[in-house]
Amino acid sequence: MSAYPISAGQSSSDNAAPASQPQSRQAAEEARKDRTLAEFMLMLDEYEPLIPNEVTDYYLQRVGFECEDVRLKRLLSLAAQKFVSDIAADAYQHARIRTNAAGGRARAQPFAGSGSAKDKTRTTLTMEDLSAALSEYGINSRKPEFYM
């Protein structure tokens, strides 16, 4: 019983067992995923996310989420951290594109001293950059048309 394709000298009845082979492969893959998830959850015991547990608890309580498992709360905090990080990275990319599109206009300022070389490479994020990044995630950050 081999997992290789049927060669010229074999008949398909010689390879009747491989029908159960994918099932065992699938079971092995599921077991590997379960082990990986268990190891990851154990790593969350010692992980301290950037978003404090109290902040996570407050917002989870506000939406009605009740859970005593600290690891699950840390996992949600880690997901929120990743989301904010992705938005910040996208906003930075928009700022870089905007700065490069401005070309010489953004860098046409005369040198005013030793700090100007440092300012030349500095990127400033604007609300337009953040709005563009948020719109990619379906979040509208525009101000209302009028204020009351």
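Biologist: Looking at this predicted model, how exposed is Asp69, buried, partly exposed or exposed?

Modeller: Buried would need under 20% relative accessible area and exposed would need over 50%. Asp69 comes out at 30% relative accessibility, so the label is partly exposed.

Biologist: OK, and which residue does Asp69 form a salt bridge with?

Modeller: The cut-off to beat is a side-chain nitrogen within 4 Å of a carboxyl oxygen. For Asp69 the closest N and O atoms are 3.5 Å apart, and the partner is Arg71.

Biologist: What other residue is linked with Asp69 and Arg71 in a network of salt bridges?

Modeller: Arg71 also forms a salt bridge with a residue whose closest N and O atoms are 3.9 Å away. That residue sits in the loop between helix H1 (21-43) and helix H2 (53-62), while Arg71 is in helix H3 (residues 70-102), so the pair ties together parts that are 26 residues apart in sequence. Arg71 is partly exposed at 25%, and the residue you're after is partly exposed at 41%. The third member of the network is Asp45.

Biologist: Switching to Lys82 and Asp86, which helix do both lie in?

Modeller: Their side chains meet in a salt bridge, 2.8 Å from N to O. The two are four residues apart, about one turn of the helix, and that helix is H3.

Biologist: And what is the relative accessible area of Lys82?

Modeller: Its partner Asp86 counts as partly exposed at 24% relative accessibility. Lys82 is partly exposed too, with a relative accessible area of 49%.

Biologist: Last one: how many salt bridges does the structure hold?

Modeller: We've been through some of them, including Asp45 with Arg71 and Lys82 with Asp86. For the whole structure, the count is seven.

Terms used: Residues numbered from 1 in each chain as written. Predicted model: local features only at pLDDT ≥ 70, side-chain atom pairs only at ≥ 80, totals over all residues. Heavy atoms only, no water. Buried < 20%, exposed > 50% of the residue type's maximum accessible area, 1.4 Å probe, protein only.
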